[in-house]
Amino acid sequence: MAKFEKMLVALFICAIVPNILLVSANFSKSMYLTWGVQHASILGEDLNLVLDQSSGSAAQTKRSFLFGSIEMLIKLVPGNSAGTVTAYYLSSTGSQHDEIDFEFLGNITGQPYIVHTNIFTQGKGNKEQRFYLWFDPTADFHNYTIHWNPTEIVWYIDSLPIRVFRNYENQGIAYPNKQGMRVHTSLWNADDWATRGGLVKTDWSNAPFRVRFHHFRARACKWNGPLSINQCASNVHANWWTSPIYKHLSYAQKGQLNWVRKNYMIYDYCTDTKRFNGQMPSECSKPQL
């Protein structure tokens, strides 16, 4: 298709489905700093966050989204990052907020980073799964993507699915599908719990700690209030995330997910019977693939 024809198609889709975000904006157009502004910087495709003893830093998107694919390249804090947490997540606001989390827990030099994932629905979380990374996330940028649609949420690392949370709302299990969420990033000190349950504290002689973000993309549905609940979930061509291919992982993707979980998962709330006194969350008995 010629370039001019592609532009016409894009304009036509925007006209009939105005809530769809077709243009992938960069950091400087999409996000702003929320705290620790004396540390952080946004320039074009790049966001840099810094943590020292005086403050961490954070940023968030200017608008909220409901469904789509949120993608970011991240290069984590190198060296002894014990006690630090780099967060990348989607969240609404209020006591009944929804949230989808990636959190990267710092380590002692030479130990693997831990990826902490969680999901909140209507203000309730306690759905943690944790993984060791199978590469050095401080040596180069890696792609971390949250794909969210009316059927399921999938966490990806370098295109490999590591976790799925499916929609069982029709069986009384809450699912985040009625609140727009902004994209947030932050770097902060959490040495009361982040590394070995708080046993290893932040070594401030290694400060300032720095994390770099690059190539932010939100190919997602713009949240414009309650009307977006149906608009963003409707099965129209522009809502690509609702197409059948995104309702389930492919056979190959299921194999990739099982490889990650078999070799690198270190905690799953659905197997923690002691924590829940045997009364396991309802979704734990449901298939997630």
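This tour visits the two open sheets of a predicted model, strand by strand.

**First stop: the seven-stranded sheet**

Begin by selecting strands E2, E3, E14, E5, E10, E11 and E12, and display them as a cartoon. Read across in the order E2-E3-E14-E5-E10-E11-E12, they form an open sheet of seven strands with antiparallel pairing. Next, colour residues 41–43 and 160–166: these are strands E2 and E12, the edge strands, each of which pairs on one side only. Moving from one strand to the next, the twist averages 20°.

Now restrict the selection to residues 152–157, which make up strand E11, together with E12. The two strands run antiparallel and are joined by six bridges. Within this pair, show the side chains of Ile 153 and Phe 165; Ile 153 stands opposite Phe 165, which belongs to E12.

Then add residues 251–264, helix H4. This helix packs on the sheet and touches both E11 and E12. The direction of helix H4 makes about 100° with that of E12.

**Second stop: the eight-stranded sheet**

Select E1, E4, E13, E6, E7, E8, E9 and E15. This open sheet consists of eight strands in the order E1-E4-E13-E6-E7-E8-E9-E15, again with antiparallel pairing. Highlight residues 31–35 (strand E1) and 265–268 (strand E15) at the edges: each has a single partner strand, so one side of each is left without a neighbour in the sheet. Here the twist from one strand to the next averages 15°.

Finally, select residues 129–132, strand E9, along with E15. Three bridges connect these antiparallel strands. Centre the view on Phe 131, which stands opposite Met 265 of E15.

Methods:
Residues are numbered from 1 along each chain as its sequence is written. This is a predicted model: local features need pLDDT of at least 70, side-chain atom pairs count only at pLDDT 80 or more; totals for chains, interfaces and linings use all residues. Side-chain values use heavy atoms; hydrogens and water are left out. Two strands pair if DSSP finds at least two bridges between them. Helices (H or I, at least four residues) and strands (E, at least two) are DSSP runs, numbered from the N terminus. Axes are lines fitted to C-alpha atoms, for helices over the stretch in contact, and angles run from 0 to 180 degrees between N-to-C directions. Contact means heavy atoms within 4.5 Å.
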